Amino acid sequence: MTGELREAIRGVWADRRVTDTGDRTNVFRQLTGADYISLAALLVGWGSALLLVRGEPNLALLAMFGAFVLDKADGWYARRTGSSSPFGRQVDSFIDIFAYLVPAVLLYHTVLAPNDLASLIVGFLVFAFGGLRLVRHNSEGFGSDGGASYYHGTTVVHTNLVVVGTYFLWALVPVWNGWLAGLVVAAVCPLMVSDYKAYKTDVSHVLAALGAAVATALALALEFGYL
């Protein structure tokens with residue numbers, strides 16, 4: 001590389017670089033321990049997506065539930081250490097897309113969908129309503145009702161669990177098929193932007209954990225031929 005070319009490149013970089021410290025955002029300095037746990041959930045959620053593409057739905061479900069555990073752990077860690085922040089909430093919502101929405105859509109597409117049109121419609125509804133739900137949550141935050149916090153509308157976790165449930169019905173119930181699964185998933189998607197109050201309580205966390213545990217057991221049983 002000639003000296004003139006090197007100087008030209010440096011000049012372009014200098015012109016494009018943000019120099020005002022008031023306008024600069026060092027992303028890595030804003031990341032907390034909870035955010036790194038969220039990024040671990042992103043890694044595992046992406047692994048789930050890759051397993052679905054490779055035709056390993058049961059193993060993909062195990063990875064998906066691993067991402068679910070990490071997603072819950074980041075919130076617990078943030079509350080325990082007092083490190084919650086608006087930036088962290090944005091990171092968490094970004095991760096939710098890949099931990100819940102992408103695997104759910106790929107599970108339907110690779111296993112359940114009767115044709116590409118059904119997959120196109122169901123995938124669009126999951127992404128559209130799920131994305132709008134996350135945008136609204138970042139804008140409004142949690143609601144409060146008598147001291148109890150709640151999500152405005154059902155969450156992407158609920159929608160993910162519905163898709164997973166339709167998969168187990170497909171695997172275990174002979175009359176169940178991709179058309180019925182698609183109708184059920186399409187019907188629940190608008191609930192994510194509804195006025196339903198999904199309360200954030202210890203009971204709801206326990207029920208979600210039990211649901212994930214049961215689904216993990218079913219996925220293992222299917223993978224090893226016990227069902």
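The points below concern the nonpolar core, the cavities and the largest pocket of this predicted model.

1. The largest nonpolar core comprises 43 residues, and the residues with the most contacts inside this core are Leu 61, Leu 107, Val 126, Val 164, Tyr 167 and Phe 168. The elements that contribute two or more residues to the core are α3 (33–53), α4 (57–81), α5 (86–112), α6 (116–140), α7 (156–172), α8 (178–188) and α9 (202–223), with the largest share, 12 residues, coming from α5. As general background, nonpolar side chains in soluble globular proteins tend to be buried together.

2. Val 164 deserves a separate look, as one of the residues with the most contacts inside the core. When its neighbours within four places in sequence are left aside, Val 164 is in contact with Leu 61, Met 64, Phe 65, Leu 107 and Ala 215; Leu 61 and Leu 107 are themselves listed among the residues with the most contacts inside the core.

3. How many cavities of 30 Å³ or more does a search of the whole structure find? There are two, and the largest has a volume of about 50 Å³. Its lining consists of Met 64, Phe 65, Phe 68, Tyr 100, Val 157, Asn 160, Leu 161, Ala 208 and Ala 212, where α4, α7 and α9 are the elements that give two or more residues. By class, this lining divides into eight nonpolar residues, one polar residue and no charged residue. Met 64 and Phe 65, which belong to this lining, are also in contact with Val 164.

4. The second largest cavity, with a volume of about 30 Å³, is lined by Arg 133, Arg 136, His 137, Glu 140, Gly 141 and His 152. Here α6 gives the most to the lining, with four residues, and the lining as a whole divides into three polar and three charged residues, with no nonpolar residue. The contrast with the largest cavity, whose lining has eight nonpolar residues and no charged ones, may be worth keeping in view when the two are considered together.

5. The largest pocket has a volume of about 970 Å³ and is lined by 39 residues, of which Lys 72, Asp 92, Phe 142, Tyr 151 and Lys 200 lie nearest its centre. Two or more lining residues come from each of α3, α4, α5, α6, α7, β3 (197–199) and α9, and α4 gives the most, with eight residues. The lining is mixed in class, with 16 nonpolar, 13 polar and 10 charged residues.

Terms used:
Residues numbered from 1 in each chain as written. Predicted model: local features only at pLDDT ≥ 70, side-chain atom pairs only at ≥ 80, totals over all residues. Heavy atoms only, no water. Core = buried A, V, L, I, M, F, W, Y, C linked by side-chain atoms within 4.5 Å. Buried < 20%, exposed > 50% of the residue type's maximum accessible area, 1.4 Å probe, protein only. Contact = heavy atoms within 4.5 Å. 1 Å grid on protein atoms, 1.4 Å probe; cavity = no way out; pocket = protein on both sides within 12 Å on 5 of 7 lines; lining within 4 Å. Points joined across faces, edges and corners; volume = space filled by probe spheres on them. Nonpolar A, V, L, I, M, F, W, Y, C, P; charged D, E, K, R; others polar.
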